[in-house]
Amino acid sequence: MSGESEMTDRLVLVSHPLCPYVQRAAISLTEKGVPFERVDIDLADKPDWFKAISPLGKVPLLRVRQNGDETTIFESAVILEFLEETQAKPLHPADPYARARHRAWIEYGSAILNAIGRLYSAPTEVGFLAECRALSAMFDRLEAELAGDALRSAPWFAGHRFSLVDAVYGPVFRYLDAFDRIGDFSILDGKPHVQAWRKALNDRPSIKHAVAPDYPQRLHAFLQAKGSFLSSLIRHGDQAGPFALARSA
């Protein structure tokens, strides 16, 4: 047992409760069955130890402790690739062409997260509706990709095998869950393949448990405090009313 423990890295995932990029790493670690510790920090009041080891001042960080030495890995894409190279149960396909396709759609997932950020930050109704249309168009491209897959009856991006692409899009759909609690913005209308994928991801234990139980309340409070058009739609007891009126005008 002592020899085994000496060979096993101790992994600490430095996190923030709302960060979707942290969730990617947590999902990957869980899918691989790798034990890890998770440490949340306040990004509005970063501790000195965090600033000392995070060159970009962002999460996630993965602190890898082995044989008395520690290495800090930053940037979620690099962390995911490190886990693929060092841990069992690979989530990337073995074929280099398929792997390149998966990496490209992971980058697309990051672009969708950026679009989501523009949507919930849009200060005006006109800007918000434009961002809704742009985000819907991005999901149109994803719908076309999924529809072209001969194995589409299977639940995951790559068919019956859960992959890193799935790990990346689980946190994406969490934002849409939050938006649905505010109003009907029609972002995924007419996209049955994306809708089915979303449901499968929402039901996956590794994705469910990548956030704390109070995540929906935390995200709702974050959106409410943005001072954006979306914030103005959040009402107690009648959340969707103002947007319904705006859309019908």
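Helices α2 and α5 pack at an angle of about 145° in this predicted model, and their axes lie 11 Å apart. The α2 side of that contact consists of Pro20, Tyr21 and Arg24, which meet Ile106, Gly109, Ser110, Leu113 and Asn114 of α5. Sorted by class, the contact of α2 with α5 has four nonpolar, three polar and one charged residues. Helix α2 turns up again in the topics below, so here is a tour of its other partners, the sheet and a few local details of the backbone.

**Helix α2 with helix α7**

- Helix α2 (residues 20–32) packs with helix α7 (residues 164–180) at an angle of about 140°, and their axes are 9 Å apart.
- Because angles from 115 to 145 degrees fall in the oblique class, α2 is oblique to α7.
- The crossing in which α2 passes α7 is right-handed.
- On the α2 side, the contact is made by Pro20, Gln23, Arg24, Ile27 and Ser28; on the α7 side, by Leu164, Ala167, Val168, Pro171, Arg174 and Tyr175.
- Seven nonpolar, two polar and two charged residues make up the contact of α2 with α7.

**Helix α2 with helix α4**

- Helix α4 (residues 76–86) packs with α2 at an angle of about 10°, with the two axes 9 Å apart.
- Angles under 35 degrees count as roughly parallel, and α2 and α4 are therefore roughly parallel to each other.
- From α2, the residues Tyr21, Arg24, Ala25, Ser28, Leu29 and Lys32 meet Ser76, Ile79, Leu80, Leu83 and Glu84 of α4.
- By class, the contact of α2 with α4 divides into six nonpolar, two polar and three charged residues.
- Arg24 is listed in the contact with α4, in the contact with α7 and in the contact with α5.

**The sheet**

- Four strands form an open sheet with mixed pairing, in the order β2-β1-β3-β4.
- Strands β2 (37–40) and β4 are the edge strands, and each pairs on one side only.
- From one strand to the next, the twist averages 20°.
- Helix α2 packs on the sheet and touches β1 and β2; the direction of α2 makes about 150° with that of β1.
- In general, strands of a sheet pair through backbone hydrogen bonds, in either a parallel or an antiparallel way.

**Strand partners within the sheet**

- Strands β1 (residues 10–15) and β3 (residues 61–66) run antiparallel and are joined by five bridges.
- Two places to look along β1 and β3 are Val12, which stands opposite Arg63, and Val14, whose bridge partner is Leu61.
- Strand β3 also pairs with β4 (residues 69–74), in the antiparallel sense and over six bridges.
- Between β3 and β4, Arg65 has Glu70 as its bridge partner, and Leu62 stands opposite Ile73.
- The hairpin of β3 and β4 has two residues between the strands, and Asn67 there takes a positive phi near 50°.

**Loops with backbone details**

- The peptide bond from Val59 to Pro60 is cis, and its omega is near 5°.
- Pro60 is found in the loop between α3 (48–53) and β3.
- Glu75 is not a glycine, yet it has a positive phi of about 80°.
- You will find Glu75 in the loop between β4 and α4.

**Aromatic pairs**

- Eleven aromatic pairs are present in the structure.
- In one of them, Tyr120 and Tyr175 are stacked, at 6.1 Å centre to centre and with 25° between the planes.
- This pair links distant parts of the chain, with Tyr120 in helix α5 (residues 96–121) and Tyr175 in helix α7, 55 residues apart.
- Tyr175 is also among the α7 residues that make the contact with α2.

Notes: Residues numbered from 1 in each chain as written. Predicted model: local features only at pLDDT ≥ 70, side-chain atom pairs only at ≥ 80, totals over all residues. Heavy atoms only, no water. Pairing = 2+ DSSP bridges. Axes fitted to C-alpha atoms, helices over the stretch in contact; angles between N-to-C directions. Parallel < 35°, antiparallel > 145°, perpendicular 65-115°, else oblique. Left-handed = near helix turned anticlockwise from the far one by under 90°. Contact = heavy atoms within 4.5 Å. Nonpolar A, V, L, I, M, F, W, Y, C, P; charged D, E, K, R; others polar. Phe/Tyr/Trp six-rings, centres within 6.5 Å; stacked < 30°, edge-to-face > 60°.
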